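These notes follow a reading of the coordinates. They take up the pockets, one helix, the cysteines and some details of the backbone.

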Amino acid sequence: MKMDVSLDLYRIFCMVVRTGNMSAAARELFISQPAVSMSIRQLEDRMGGPLLVRTAKGVYPTAEGKLLYTYLERAMGLIQAAEEKYNQMIHMEMGELKISANDTLIANFLLYYLEQYHKKYPDITIRITNKTTEESLRLLRSGAVDMCFVNLPIAEGEDLEVIPCMEIHDVLVGGEKYRRLSEKGIRLKELPQYPLMMLEEVSNSRRYISRYAEENGVVLSPILEIGSLDLLIDFAKINLGVTYVIRELTRELEEGKLYEIPVVPPVPKRSIGMVRLKNVAVPHALRGFLELMGLPEHPLDGNGRK
């Protein structure tokens, strides 16, 4: 038979058994002694029999009351533990942050923020998954990660929220052999004359650059396709050919190990974007990361509304 009993009645009963005294239980619970007595009577009425033996020195449980107390004490312990764990999560004392991004964004964009986040919230577990844009979005939709960072644009589904984080520029680069091109530049239609190295076609960045070229009447035919931008940069440094990189995320340009080759017309600028699922509550661990990056929990429309 299902008992319709409030949790408060169980809490009061457990405290009475624990203290062995109605008045002591009232002091522990910060309520009056008559309120405790009334609660015990209500619980006994609901349960259909006496739960306590009253004596001049205090109270002790009946056999039925002792059995009930044994199970309730365990349940109350679990409830208290759940409340404590919940409070730890909302105060960022525990939890998990799950992010997916490609290796370039992890190393050259997210690393700084991850370091600052770990310093501020050392008890939050950070899980980073290194995946392509399509793989990251698949993980997001399956619930395996809280958010992903990708190179925009992407095909935005109705289930996704996309928040641009940083403008980026795709630029053609080469090593010392191509230094002279950095001074005079080339026209896009001349690019097929040079050994071009590119990311594989599964890459969102590769598709974006190929589409830009096709829209300007040029079909790109790379001599080398590879899945790692870091390897493309290494190959460019030893003069195997030219390749496209993201200017803002390529340290070798600042260090003078690669040279930017102006191309006319240039690749249109785009953005790095944070993507998460719509209509899904923002976990506290994720909220702290968004605050650290200065990002809103939800994208704003043209009027500044969420």
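1. Terms for the pocket linings. Ala, Val, Leu, Ile, Met, Phe, Trp, Tyr, Cys and Pro are counted as nonpolar, Asp, Glu, Lys and Arg as charged, and the others, Gly among them, as polar. On that scheme the lining of the second largest pocket divides into five nonpolar, two polar and four charged residues. The model is a predicted one, and the points below should be read accordingly.

2. Second largest pocket. The space in this pocket comes to about 220 Å³. Two elements, α1 (7-19) and α4 (63-90), give two or more residues each to its lining. The largest share is that of α4, with six residues. The lining residues are Arg11, Cys14, Met15, Arg18, Leu29, Glu73, Met76, Gly77, Ile79, Gln80 and Glu83.

3. Largest pocket. Its volume is about 410 Å³. The lining has 28 residues, of which Asn102, Leu199, Ser203, Ser205 and Gly227 are the closest to the centre of the pocket. By residue class, the lining holds 11 nonpolar, 11 polar and six charged residues. At least two lining residues come from each of α5 (103-120), β9 (196-199), α8, α9 (229-237) and β11 (242-246).

4. Helix α6. This helix spans residues 133-142, and its buried residues are Thr133, Ser136, Leu137 and Leu140. Viewed down the helix axis, the buried residues of α6 fall within an arc of 95°, so they line one face of the helix. Arg138 and Ser142 are exposed and sit on the face turned away from the buried side of α6.

5. Packing over α6. The cover of the buried residues of α6 includes strands β3 (96-101), β5 (147-151), β6 (160-168) and β14 (270-277), together with helix α8 (204-215). Helix α8 thus appears twice in this note, since it also supplies at least two residues to the lining of the largest pocket. After α6 comes glycine 143, whose phi is positive, near 85°.

6. Disulfides. How many disulfides does a search of the whole structure find? The search finds zero. Two cysteines may serve as examples. The closest cysteine sulfur to that of cysteine 148 is in cysteine 165, 11 Å away, which is too far for a bond. The relation holds from the other side as well: for the sulfur of cysteine 165, the closest cysteine sulfur is that of cysteine 148, at 11 Å and too far for a bond.

7. Surroundings of the two cysteines. Is cysteine 148 buried or exposed? Cysteine 148 is buried, with a relative accessible area of 0%. Cysteine 165 counts as partly exposed, because its relative accessibility is 25%. Cysteine 165 belongs to strand β6, one of the elements that cover the buried residues of α6. Leaving out residues up to four places away in sequence, cysteine 165 touches Phe109, Phe149, Ile272, Gly273, Met274 and Leu295. The C-alpha atoms of cysteine 165 and methionine 293 are 8.6 Å apart, although 128 residues separate the two in sequence.

8. Cis peptide bonds. Please look at two bonds that precede prolines. The bond from leucine 152 to proline 153 is cis, with omega near 5°, and proline 153 lies in the loop between β5 and β6. Valine 264 and proline 265 are also joined by a cis peptide bond, with omega about -5°. Proline 265 is in the loop between β13 (263-264) and β14.

9. Positive phi outside glycine. Asparagine 239 has a positive phi, near 70°, and lies in the loop between α9 and β11. Asparagine 239 counts as partly exposed, because its relative accessibility is 25%. For asparagine 279, phi is again positive, near 55°. Asparagine 279 is placed in the loop between β14 and α11 (284-293). With a relative accessibility of 80%, asparagine 279 counts as exposed, the cut-off for that class being over 50%.

Notes
Residues are numbered from 1 along each chain as its sequence is written. This is a predicted model: local features need pLDDT of at least 70, side-chain atom pairs count only at pLDDT 80 or more; totals for chains, interfaces and linings use all residues. Side-chain values use heavy atoms; hydrogens and water are left out. Buried means under 20% relative accessible area, exposed over 50%, partly exposed in between (1.4 Å probe, protein chains only). Helices (H or I, at least four residues) and strands (E, at least two) are DSSP runs, numbered from the N terminus. The arc is that of the directions from the helix axis to the C-beta atoms. Contact means heavy atoms within 4.5 Å. On a 1 Å grid over the protein atoms alone, a cavity is a set of points where a 1.4 Å probe fits but cannot get out, and a pocket is an open set with protein on both sides within 12 Å along at least five of seven lines; lining residues have an atom within 4 Å of a point. Grid points are joined across faces, edges and corners, and a volume is the space filled by probe spheres set on the points. A disulfide is a pair of cysteine sulfur atoms within 2.5 Å.
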